[in-house]
Amino acid sequence: MVPAIVGPTTGVASPSQTSSIGAVVPQASTASDGYVDVLARDPAGLLWLYRGNGAGGWISPPLQVGKGWQNMTAVLGPGDFDGDGHVDVLARDPAGLLWLYRGNGAGGWISPPLQVGKGWQNMTAVLGPGDFDGDGHVDVLARDPAGLLWLYRGNGAGGWISPPLQVGKGWQDMTAVLGPGDFDGDGHVDVLARDPAGLLWLYRGNGAGGWISPPLQVGKGWQNMTAVLGPGDFNGDAPAPVNCAVVACVALTFDDGPSAYTDRLIDILVQTRTPATFFVVGSQVAARPATVRRQVAAGLAVENHTHSHPDLTTLSYSGQLTEVTRADDALSAAGVTRSTLLRPPYGSWNTTTRTLGKPLILWSVDPRDWEVRDAAVVRSRVVANATSGSIVLMHDSHSTTVDAVPGIISDLRARGFTLVTVRTLVPTMAPGDLVYSRTNILPAGAVTTVTDETDVLRAPDGSVLGPVLDEAPFVPER
Ligand SMILES: [Zn+2]
(Lines give C-alpha, C1' and ligand atoms only; values in the text may rest on other atoms or scores of the structure.)
Protein backbone atom coordinates (compact mmCIF):
# COMPACT_ATOMS: atom_id res chain seq x y z
CA MET A 1 0.00 0.00 0.00
CA VAL A 2 1.03 3.56 -0.44
CA PRO A 3 0.76 5.52 2.76
CA ALA A 4 -1.01 8.77 2.14
CA ILE A 5 0.25 12.04 3.39
CA VAL A 6 -2.99 13.23 4.85
CA GLY A 7 -1.91 16.61 5.93
CA PRO A 8 0.98 18.83 6.49
CA THR A 9 3.33 18.69 9.12
CA THR A 10 5.08 21.39 10.38
CA GLY A 11 1.51 22.31 10.55
CA VAL A 12 -1.16 23.00 8.07
CA ALA A 13 -4.61 23.89 9.00
CA SER A 14 -7.94 24.65 7.57
CA PRO A 15 -9.31 27.98 8.69
CA SER A 16 -11.58 26.30 11.18
CA GLN A 17 -9.74 23.29 12.46
CA THR A 18 -6.67 21.14 12.16
CA SER A 19 -8.09 17.67 12.37
CA SER A 20 -6.79 16.76 8.94
CA ILE A 21 -3.23 17.28 10.00
CA GLY A 22 -1.42 14.05 9.75
CA ALA A 23 2.00 14.21 8.22
CA VAL A 24 5.14 15.10 10.01
CA VAL A 25 8.34 16.57 8.74
CA PRO A 26 11.25 16.78 11.09
CA GLN A 27 13.68 19.41 9.85
CA ALA A 28 16.57 17.08 10.39
CA SER A 29 17.07 13.45 9.69
CA THR A 30 14.88 11.14 11.70
CA ALA A 31 17.20 8.27 10.98
CA SER A 32 20.39 10.24 11.69
CA ASP A 33 21.84 9.56 8.28
CA GLY A 34 22.06 13.28 7.70
CA TYR A 35 19.23 13.51 5.21
CA VAL A 36 15.82 15.01 5.66
CA ASP A 37 13.05 12.47 6.05
CA VAL A 38 9.28 12.58 5.92
CA LEU A 39 6.82 10.94 8.27
CA ALA A 40 3.37 10.12 6.93
CA ARG A 41 0.28 8.77 8.68
CA ASP A 42 -2.00 6.49 6.73
CA PRO A 43 -5.78 6.16 7.25
CA ALA A 44 -5.25 3.14 9.49
CA GLY A 45 -3.21 5.24 11.88
CA LEU A 46 0.11 3.70 10.94
CA LEU A 47 3.05 6.08 10.90
CA TRP A 48 5.54 5.61 8.08
CA LEU A 49 9.07 6.89 7.78
CA TYR A 50 10.05 7.91 4.26
CA ARG A 51 13.81 8.18 4.28
CA GLY A 52 15.21 10.90 2.04
CA ASN A 53 18.39 9.95 0.20
CA GLY A 54 19.73 13.50 0.17
CA ALA A 55 19.41 13.77 -3.59
CA GLY A 56 15.71 14.21 -4.19
CA GLY A 57 14.73 10.57 -3.87
CA TRP A 58 13.97 7.94 -1.31
CA ILE A 59 15.63 5.06 0.38
CA SER A 60 13.24 2.15 -0.08
CA PRO A 61 11.15 0.86 1.48
CA PRO A 62 9.30 3.21 3.83
CA LEU A 63 9.46 1.92 7.39
CA GLN A 64 6.53 1.62 9.76
CA VAL A 65 7.51 3.50 12.90
CA GLY A 66 4.21 3.78 14.71
CA LYS A 67 0.61 2.66 15.00
CA GLY A 68 -2.52 3.98 16.66
CA TRP A 69 -1.90 7.53 15.49
CA GLN A 70 -5.29 7.86 13.74
CA ASN A 71 -6.84 9.98 16.47
CA MET A 72 -4.08 12.51 16.77
CA THR A 73 -5.43 15.89 15.69
CA ALA A 74 -2.05 17.45 15.04
CA VAL A 75 1.39 16.03 14.43
CA LEU A 76 4.52 18.09 13.97
CA GLY A 77 8.25 17.80 13.90
CA PRO A 78 9.71 20.56 16.03
CA GLY A 79 13.31 19.36 15.77
CA ASP A 80 15.20 18.26 18.89
CA PHE A 81 12.71 19.26 21.59
CA ASP A 82 14.30 17.53 24.57
CA GLY A 83 17.90 18.41 23.85
CA ASP A 84 19.24 14.88 23.43
CA GLY A 85 20.51 15.51 19.92
CA HIS A 86 17.74 13.61 18.16
CA VAL A 87 14.71 15.02 16.41
CA ASP A 88 11.38 14.44 18.13
CA VAL A 89 7.70 14.50 17.25
CA LEU A 90 4.87 16.32 19.01
CA ALA A 91 1.31 15.03 18.70
CA ARG A 92 -1.97 16.40 19.99
CA ASP A 93 -4.69 13.98 21.06
CA PRO A 94 -8.44 14.63 20.87
CA ALA A 95 -8.50 15.72 24.51
CA GLY A 96 -6.05 18.51 23.71
CA LEU A 97 -3.10 16.87 25.43
CA LEU A 98 0.24 17.43 23.74
CA TRP A 99 2.56 14.43 23.70
CA LEU A 100 6.29 14.34 23.10
CA TYR A 101 7.44 11.32 21.15
CA ARG A 102 11.17 11.24 21.65
CA GLY A 103 13.15 10.15 18.61
CA ASN A 104 16.08 7.86 19.32
CA GLY A 105 18.11 9.11 16.35
CA ALA A 106 17.83 5.78 14.59
CA GLY A 107 14.33 5.95 13.20
CA GLY A 108 12.66 4.77 16.40
CA TRP A 109 11.44 6.09 19.71
CA ILE A 110 12.45 6.40 23.32
CA SER A 111 9.50 5.09 25.36
CA PRO A 112 7.19 6.23 26.73
CA PRO A 113 5.81 9.39 25.11
CA LEU A 114 5.69 12.25 27.59
CA GLN A 115 2.81 14.64 28.12
CA VAL A 116 4.14 18.16 27.64
CA GLY A 117 0.95 20.17 27.36
CA LYS A 118 -2.81 20.32 27.84
CA GLY A 119 -5.61 22.53 26.65
CA TRP A 120 -4.35 22.59 23.07
CA GLN A 121 -7.61 21.30 21.56
CA ASN A 122 -8.77 24.69 20.31
CA MET A 123 -5.59 25.65 18.51
CA THR A 124 -6.32 25.84 14.79
CA ALA A 125 -2.72 25.44 13.71
CA VAL A 126 0.33 24.07 15.44
CA LEU A 127 3.77 24.16 13.88
CA GLY A 128 7.39 23.69 14.76
CA PRO A 129 9.38 26.49 13.16
CA GLY A 130 12.69 25.55 14.80
CA ASP A 131 14.41 27.99 17.15
CA PHE A 132 12.21 31.03 16.65
CA ASP A 133 13.52 33.20 19.47
CA GLY A 134 17.21 32.49 19.02
CA ASP A 135 17.86 30.95 22.43
CA GLY A 136 19.19 27.72 20.99
CA HIS A 137 16.07 25.69 21.73
CA VAL A 138 13.34 24.73 19.30
CA ASP A 139 9.96 26.33 19.79
CA VAL A 140 6.33 25.78 18.80
CA LEU A 141 3.91 28.26 17.24
CA ALA A 142 0.17 27.85 17.69
CA ARG A 143 -2.80 29.78 16.31
CA ASP A 144 -5.87 30.23 18.47
CA PRO A 145 -9.44 30.56 17.18
CA ALA A 146 -9.23 34.37 17.35
CA GLY A 147 -6.32 34.32 14.91
CA LEU A 148 -3.68 35.17 17.47
CA LEU A 149 -0.33 33.47 16.95
CA TRP A 150 1.40 32.28 20.11
CA LEU A 151 5.03 31.40 20.63
CA TYR A 152 5.55 28.50 23.00
CA ARG A 153 9.21 28.65 23.87
CA GLY A 154 10.94 25.32 24.26
CA ASN A 155 13.42 25.12 27.12
CA GLY A 156 15.68 22.63 25.36
CA ALA A 157 14.89 19.91 27.88
CA GLY A 158 11.43 18.79 26.84
CA GLY A 159 9.54 21.58 28.55
CA TRP A 160 8.57 25.20 28.13
CA ILE A 161 9.63 28.66 29.15
CA SER A 162 6.52 30.37 30.52
CA PRO A 163 4.46 32.19 29.52
CA PRO A 164 3.70 31.76 25.82
CA LEU A 165 4.16 35.03 23.95
CA GLN A 166 1.78 36.53 21.43
CA VAL A 167 3.74 37.08 18.23
CA GLY A 168 0.97 37.75 15.72
CA LYS A 169 -2.68 38.56 15.14
CA GLY A 170 -5.08 38.40 12.22
CA TRP A 171 -3.90 34.92 11.18
CA GLN A 172 -7.40 33.38 11.35
CA ASP A 173 -7.97 33.35 7.60
CA MET A 174 -4.71 31.70 6.68
CA THR A 175 -5.48 28.28 5.20
CA ALA A 176 -2.03 26.87 5.84
CA VAL A 177 0.77 27.82 8.18
CA LEU A 178 4.11 26.04 8.23
CA GLY A 179 7.67 26.37 9.38
CA PRO A 180 10.05 25.71 6.49
CA GLY A 181 13.17 26.54 8.49
CA ASP A 182 15.38 29.40 7.30
CA PHE A 183 13.66 30.10 4.01
CA ASP A 184 15.51 33.30 3.09
CA GLY A 185 18.96 32.25 4.23
CA ASP A 186 19.47 35.00 6.78
CA GLY A 187 20.13 32.59 9.61
CA HIS A 188 16.71 32.93 11.20
CA VAL A 189 13.80 30.54 10.86
CA ASP A 190 10.76 31.80 9.00
CA VAL A 191 7.06 31.00 8.62
CA LEU A 192 5.11 30.48 5.40
CA ALA A 193 1.36 31.13 5.31
CA ARG A 194 -1.22 30.64 2.59
CA ASP A 195 -4.11 33.11 2.37
CA PRO A 196 -7.61 32.29 1.04
CA ALA A 197 -6.67 33.67 -2.39
CA GLY A 198 -3.89 31.10 -2.70
CA LEU A 199 -1.07 33.57 -2.18
CA LEU A 200 1.88 32.22 -0.24
CA TRP A 201 3.43 34.71 2.17
CA LEU A 202 6.86 34.60 3.77
CA TYR A 203 6.91 35.90 7.33
CA ARG A 204 10.55 36.47 8.04
CA GLY A 205 11.65 35.64 11.56
CA ASN A 206 14.14 38.06 13.10
CA GLY A 207 15.84 35.40 15.21
CA ALA A 208 14.62 36.99 18.42
CA GLY A 209 10.99 35.96 18.58
CA GLY A 210 9.70 38.63 16.20
CA TRP A 211 9.43 39.46 12.53
CA ILE A 212 11.14 41.41 9.83
CA SER A 213 8.43 43.53 8.18
CA PRO A 214 6.73 43.33 5.82
CA PRO A 215 5.79 39.76 4.91
CA LEU A 216 6.78 38.97 1.34
CA GLN A 217 4.62 37.26 -1.27
CA VAL A 218 6.56 34.25 -2.49
CA GLY A 219 3.91 32.29 -4.36
CA LYS A 220 0.46 32.34 -5.91
CA GLY A 221 -2.03 29.76 -7.14
CA TRP A 222 -1.57 27.57 -4.07
CA GLN A 223 -5.27 27.61 -3.11
CA ASN A 224 -6.03 24.13 -4.44
CA MET A 225 -3.14 22.42 -2.71
CA THR A 226 -4.56 20.11 -0.03
CA ALA A 227 -1.35 19.87 1.98
CA VAL A 228 1.64 22.10 2.35
CA LEU A 229 4.72 21.15 4.31
CA GLY A 230 8.36 22.03 4.77
CA PRO A 231 10.63 19.03 4.56
CA GLY A 232 13.96 20.82 4.68
CA ASP A 233 16.45 20.33 1.89
CA PHE A 234 14.81 17.46 0.07
CA ASN A 235 16.76 17.61 -3.17
CA GLY A 236 20.16 18.17 -1.62
CA ASP A 237 20.87 21.41 -3.46
CA ALA A 238 22.11 23.29 -0.43
CA PRO A 239 24.89 23.38 0.10
CA ALA A 240 26.07 22.28 -3.27
CA PRO A 241 28.51 19.39 -3.12
CA VAL A 242 32.05 20.60 -3.61
CA ASN A 243 34.92 18.55 -5.00
CA CYS A 244 38.13 20.20 -3.87
CA ALA A 245 40.08 18.02 -6.29
CA VAL A 246 38.44 20.04 -9.04
CA VAL A 247 37.88 23.50 -7.59
CA ALA A 248 40.26 25.61 -5.50
CA CYS A 249 39.13 25.32 -1.89
CA VAL A 250 40.15 27.01 1.34
CA ALA A 251 39.01 25.89 4.81
CA LEU A 252 38.54 28.59 7.44
CA THR A 253 38.93 27.26 10.97
CA PHE A 254 38.25 28.95 14.30
CA ASP A 255 39.72 27.83 17.60
CA ASP A 256 39.22 28.34 21.33
CA GLY A 257 35.49 29.13 21.30
CA PRO A 258 32.67 29.36 21.71
CA SER A 259 33.12 32.85 23.08
CA ALA A 260 31.04 35.99 23.48
CA TYR A 261 31.85 36.81 19.84
CA THR A 262 30.94 33.47 18.31
CA ASP A 263 27.26 34.19 17.75
CA ARG A 264 28.19 37.23 15.70
CA LEU A 265 30.55 35.07 13.67
CA ILE A 266 27.80 32.49 13.12
CA ASP A 267 25.55 35.28 11.82
CA ILE A 268 28.24 36.30 9.33
CA LEU A 269 28.85 32.76 8.15
CA VAL A 270 25.14 32.04 7.77
CA GLN A 271 24.40 35.28 5.94
CA THR A 272 27.29 34.69 3.53
CA ARG A 273 26.57 30.95 3.32
CA THR A 274 30.13 30.17 4.31
CA PRO A 275 31.00 26.72 5.63
CA ALA A 276 33.63 26.73 8.36
CA THR A 277 35.09 24.46 11.02
CA PHE A 278 35.16 25.31 14.71
CA PHE A 279 37.66 23.62 16.99
CA VAL A 280 35.97 24.18 20.32
CA VAL A 281 37.30 23.96 23.86
CA GLY A 282 35.19 21.68 26.05
CA SER A 283 35.07 24.06 28.99
CA GLN A 284 33.77 26.77 26.67
CA VAL A 285 31.17 24.41 25.25
CA ALA A 286 29.91 23.76 28.75
CA ALA A 287 29.60 27.51 29.29
CA ARG A 288 27.87 28.25 25.98
CA PRO A 289 25.99 25.15 24.84
CA ALA A 290 23.35 27.14 22.96
CA THR A 291 26.02 28.66 20.75
CA VAL A 292 27.34 25.23 19.84
CA ARG A 293 23.84 24.07 19.01
CA ARG A 294 23.49 27.10 16.75
CA GLN A 295 26.71 26.17 14.97
CA VAL A 296 25.50 22.65 14.32
CA ALA A 297 22.02 23.80 13.31
CA ALA A 298 23.65 26.16 10.82
CA GLY A 299 25.58 23.32 9.23
CA LEU A 300 28.93 24.46 10.57
CA ALA A 301 31.45 21.81 11.64
CA VAL A 302 32.22 21.56 15.35
CA GLU A 303 35.37 19.65 16.25
CA ASN A 304 37.66 18.98 19.18
CA HIS A 305 40.28 21.35 20.64
CA THR A 306 40.51 19.48 24.00
CA HIS A 307 38.68 20.28 27.20
CA SER A 308 41.06 22.70 28.89
CA HIS A 309 43.56 23.58 26.17
CA PRO A 310 46.75 22.03 27.57
CA ASP A 311 49.97 21.29 25.70
CA LEU A 312 49.17 17.64 25.13
CA THR A 313 52.82 16.68 24.94
CA THR A 314 53.11 17.33 28.68
CA LEU A 315 50.49 14.66 29.40
CA SER A 316 50.50 10.88 29.53
CA TYR A 317 48.42 8.83 27.14
CA SER A 318 45.53 8.68 29.60
CA GLY A 319 45.88 12.39 30.30
CA GLN A 320 45.70 13.22 26.62
CA LEU A 321 42.78 10.90 26.04
CA THR A 322 40.89 12.38 28.98
CA GLU A 323 41.27 15.87 27.52
CA VAL A 324 39.83 14.75 24.20
CA THR A 325 37.06 12.65 25.73
CA ARG A 326 35.95 15.37 28.11
CA ALA A 327 35.56 17.79 25.22
CA ASP A 328 33.43 15.24 23.40
CA ASP A 329 31.41 14.70 26.56
CA ALA A 330 30.77 18.45 26.66
CA LEU A 331 29.48 18.28 23.09
CA SER A 332 27.19 15.41 24.02
CA ALA A 333 25.94 17.32 27.03
CA ALA A 334 25.19 20.27 24.76
CA GLY A 335 23.09 17.98 22.63
CA VAL A 336 25.28 17.81 19.55
CA THR A 337 27.31 15.09 17.88
CA ARG A 338 30.72 14.15 19.25
CA SER A 339 33.75 15.23 17.25
CA THR A 340 35.70 13.31 14.66
CA LEU A 341 38.69 15.64 14.27
CA LEU A 342 41.25 16.92 16.79
CA ARG A 343 43.25 20.09 16.70
CA PRO A 344 45.91 19.85 19.40
CA PRO A 345 46.32 23.14 21.30
CA TYR A 346 49.34 25.17 20.15
CA GLY A 347 49.69 22.70 17.29
CA SER A 348 51.67 20.65 19.80
CA TRP A 349 51.54 16.88 19.46
CA ASN A 350 53.68 13.81 19.89
CA THR A 351 53.46 10.19 18.87
CA THR A 352 50.98 9.57 21.68
CA THR A 353 48.67 12.26 20.33
CA ARG A 354 48.55 10.38 17.06
CA THR A 355 47.08 7.34 18.82
CA LEU A 356 44.02 9.12 20.25
CA GLY A 357 41.78 7.95 17.44
CA LYS A 358 41.29 11.12 15.43
CA PRO A 359 43.07 12.82 12.54
CA LEU A 360 45.11 15.78 13.79
CA ILE A 361 44.19 18.96 11.93
CA LEU A 362 46.97 21.54 11.83
CA TRP A 363 47.08 24.47 9.39
CA SER A 364 49.01 26.08 6.58
CA VAL A 365 48.02 29.73 7.04
CA ASP A 366 48.39 31.43 10.41
CA PRO A 367 47.70 35.19 10.52
CA ARG A 368 48.53 35.21 14.25
CA ASP A 369 45.23 36.94 14.83
CA TRP A 370 45.51 36.41 18.59
CA GLU A 371 48.70 38.49 18.58
CA VAL A 372 47.99 41.30 16.17
CA ARG A 373 44.35 42.00 17.17
CA ASP A 374 43.81 44.10 14.05
CA ALA A 375 41.06 43.13 11.62
CA ALA A 376 42.69 44.73 8.58
CA VAL A 377 46.01 42.98 9.23
CA VAL A 378 44.33 39.63 9.84
CA ARG A 379 42.38 40.00 6.63
CA SER A 380 45.40 40.90 4.51
CA ARG A 381 47.56 38.13 6.00
CA VAL A 382 44.94 35.47 5.32
CA VAL A 383 44.12 36.64 1.82
CA ALA A 384 47.77 37.08 0.85
CA ASN A 385 48.81 33.63 2.03
CA ALA A 386 45.85 31.44 1.11
CA THR A 387 46.38 29.01 -1.73
CA SER A 388 44.32 26.14 -3.07
CA GLY A 389 43.97 23.60 -0.30
CA SER A 390 44.89 25.92 2.57
CA ILE A 391 43.68 25.43 6.12
CA VAL A 392 43.48 28.84 7.80
CA LEU A 393 43.89 29.12 11.57
CA MET A 394 41.96 31.83 13.37
CA HIS A 395 40.33 32.31 16.77
CA ASP A 396 36.73 33.26 17.42
CA SER A 397 37.82 34.24 20.91
CA HIS A 398 38.85 37.64 19.52
CA SER A 399 36.42 40.31 18.39
CA THR A 400 38.95 41.66 15.89
CA THR A 401 39.08 38.29 14.17
CA VAL A 402 35.31 38.24 13.77
CA ASP A 403 35.57 41.77 12.37
CA ALA A 404 38.01 40.48 9.75
CA VAL A 405 35.88 37.60 8.53
CA PRO A 406 33.47 39.38 6.13
CA GLY A 407 36.41 40.87 4.23
CA ILE A 408 38.28 37.57 4.24
CA ILE A 409 35.27 35.79 2.77
CA SER A 410 34.69 38.36 0.05
CA ASP A 411 38.38 38.63 -0.84
CA LEU A 412 38.91 34.87 -1.03
CA ARG A 413 35.81 34.41 -3.15
CA ALA A 414 36.96 37.24 -5.40
CA ARG A 415 40.19 35.28 -5.88
CA GLY A 416 38.15 32.28 -6.98
CA PHE A 417 38.31 30.15 -3.86
CA THR A 418 35.43 28.03 -2.65
CA LEU A 419 35.20 28.04 1.14
CA VAL A 420 34.61 24.64 2.69
CA THR A 421 34.86 22.71 5.93
CA VAL A 422 37.98 20.70 6.69
CA ARG A 423 36.01 17.52 5.98
CA THR A 424 35.10 18.74 2.53
CA LEU A 425 38.66 19.92 1.90
CA VAL A 426 40.11 16.54 2.84
CA PRO A 427 37.37 13.91 2.42
CA THR A 428 39.48 10.96 3.46
CA MET A 429 41.46 11.14 6.68
CA ALA A 430 42.57 8.42 9.04
CA PRO A 431 43.17 8.56 12.80
CA GLY A 432 46.68 9.74 13.44
CA ASP A 433 47.04 11.52 10.12
CA LEU A 434 48.71 14.92 10.37
CA VAL A 435 46.77 17.26 8.11
CA TYR A 436 48.35 20.63 7.33
CA SER A 437 46.48 21.33 4.11
CA ARG A 438 44.68 19.40 1.42
CA THR A 439 47.92 18.29 -0.19
CA ASN A 440 50.22 18.35 2.83
CA ILE A 441 49.28 15.30 4.86
CA LEU A 442 51.58 13.03 6.81
CA PRO A 443 49.83 9.67 7.10
CA ALA A 444 49.55 7.91 10.42
CA GLY A 445 52.61 5.81 11.07
CA ALA A 446 54.91 7.86 8.86
CA VAL A 447 58.21 8.89 10.40
CA THR A 448 58.41 12.52 11.44
CA THR A 449 61.33 14.65 12.43
CA VAL A 450 61.21 17.69 14.62
CA THR A 451 63.94 20.23 14.03
CA ASP A 452 64.42 22.18 17.22
CA GLU A 453 66.32 25.12 15.85
CA THR A 454 63.69 26.14 13.34
CA ASP A 455 60.75 24.93 15.33
CA VAL A 456 59.11 23.41 12.30
CA LEU A 457 58.04 19.90 11.46
CA ARG A 458 59.71 18.31 8.46
CA ALA A 459 58.60 15.37 6.41
CA PRO A 460 61.18 12.64 5.66
CA ASP A 461 62.01 14.37 2.37
CA GLY A 462 62.95 17.52 4.26
CA SER A 463 59.96 19.60 3.23
CA VAL A 464 58.53 21.84 5.91
CA LEU A 465 55.13 20.66 7.04
CA GLY A 466 54.36 23.39 9.51
CA PRO A 467 54.96 24.76 12.95
CA VAL A 468 55.56 22.48 15.90
CA LEU A 469 54.44 24.91 18.51
CA ASP A 470 52.35 27.89 17.64
CA GLU A 471 48.80 29.11 18.04
CA ALA A 472 47.31 31.27 20.68
CA PRO A 473 47.76 31.19 24.40
CA PHE A 474 44.35 30.24 25.70
CA VAL A 475 42.65 32.57 28.12
CA PRO A 476 39.47 31.11 29.58
CA GLU A 477 36.57 33.49 29.70
CA ARG A 478 35.49 34.72 33.05
ZN1 LIG B 1 43.74 27.02 20.81
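**A tour from helix H1 outward**

In this predicted model, begin by selecting helix H1 together with what covers its buried residues, which includes strand S16 (249–255), H3 and helix H7 (399–414). The helix itself spans residues 262–271, and its buried residues are Thr262, Asp263, Leu265, Ile266, Leu269 and Val270. Turn the view until you look down the axis of H1, and these buried residues fall within an arc of 155 degrees, so they line one face of the helix. That arrangement can be read against a general rule: an α-helix has 3.6 residues a turn, so residues three or four places apart point the same way. Just after H1, select Arg273, whose phi is positive, near 50 degrees.

Next, add helix H3 (residues 289–297), whose axis comes within 10 Å of that of H1 and crosses it at roughly 10 degrees. Because angles under 35 degrees count as roughly parallel, H1 and H3 are therefore roughly parallel to each other. To see where the two helices meet, show the side chains of Thr262, Asp263 and Ile266 on H1, and those of Thr291, Arg294 and Gln295 on H3, since these residues make the contact. Sorted by class, the contact holds 1 nonpolar, 3 polar and 2 charged residues.

From the helices, move to strand S16, one of the elements that cover the buried residues of H1. Is this strand enclosed or open to the outside? Of its 7 residues, 7 are buried, so S16 is largely enclosed by the rest of the structure. Colour its two faces separately: Cys249, Ala251, Thr253 and Asp255 lie on one side, Val250, Leu252 and Phe254 lie on the other, and all of them are buried.

With S16 still selected, bring in the strands that pair with it. Strand S21 (residues 418–420) pairs with S16 in the parallel sense over 3 bridges, and there Thr418 is the bridge partner of Cys249. Strand S17 (residues 277–280) is also parallel to S16 and is joined to it by 3 bridges, with Phe279 standing opposite Asp255. S20 runs parallel to S16 as well, with 6 bridges between them, and here Asp255 stands opposite His395.

Now select Ser390, which is found in strand S20 (residues 390–395). Ser390 is buried, with 25 other C-beta atoms within 10 Å, a count to set against the cut-off of 20 or more for a buried residue. Leaving aside residues up to four places away in sequence, Ser390 touches Val250, Ser364, Val365 and Ser437. A distance drawn between the C-alpha atoms of Ser390 and Val422, which are 32 residues apart along the chain, should read 9.6 Å.

Two further sheets complete the tour. For one of them, select strands S19, S22 and S23, which form an open sheet of 3 strands in the order S19-S22-S23 with mixed pairing; its edge strands are S19 (360–361) and S23 (441–442), each pairing on one side only. Strand S22 (residues 434–435) pairs with S23 in the antiparallel sense over 2 bridges, and Val435 stands opposite Ile441.

For the other, select the 4 strands that form an open, antiparallel sheet in the order S12-S13-S14-S15. Its edges are strand S12 (176–181) and strand S15 (211–219), each of which pairs on one side only, and the twist averages 25 degrees from one strand to the next. S12 is joined to strand S13 (residues 190–194) in the antiparallel sense over 4 bridges, where Ala176 stands opposite Arg194.

Terms used:
Residues are numbered from 1 along each chain as its sequence is written. This is a predicted model: local features need pLDDT of at least 70, side-chain atom pairs count only at pLDDT 80 or more; totals for chains, interfaces and linings use all residues. Two strands pair if DSSP finds at least two bridges between them. Axes are lines fitted to C-alpha atoms, for helices over the stretch in contact, and angles run from 0 to 180 degrees between N-to-C directions. A residue is buried if 20 or more other C-beta atoms lie within 10 Å of its own, exposed if 12 or fewer, and partly exposed in between; C-beta atoms are placed from the backbone. Two residues are in contact if their C-beta atoms, placed from the backbone, lie within 7 Å. Angles under 35 degrees count as roughly parallel, over 145 as roughly antiparallel, 65 to 115 as roughly perpendicular and the rest as oblique. Ala, Val, Leu, Ile, Met, Phe, Trp, Tyr, Cys and Pro count as nonpolar, Asp, Glu, Lys and Arg as charged, and the others, Gly among them, as polar. The arc is that of the directions from the helix axis to the C-beta atoms.
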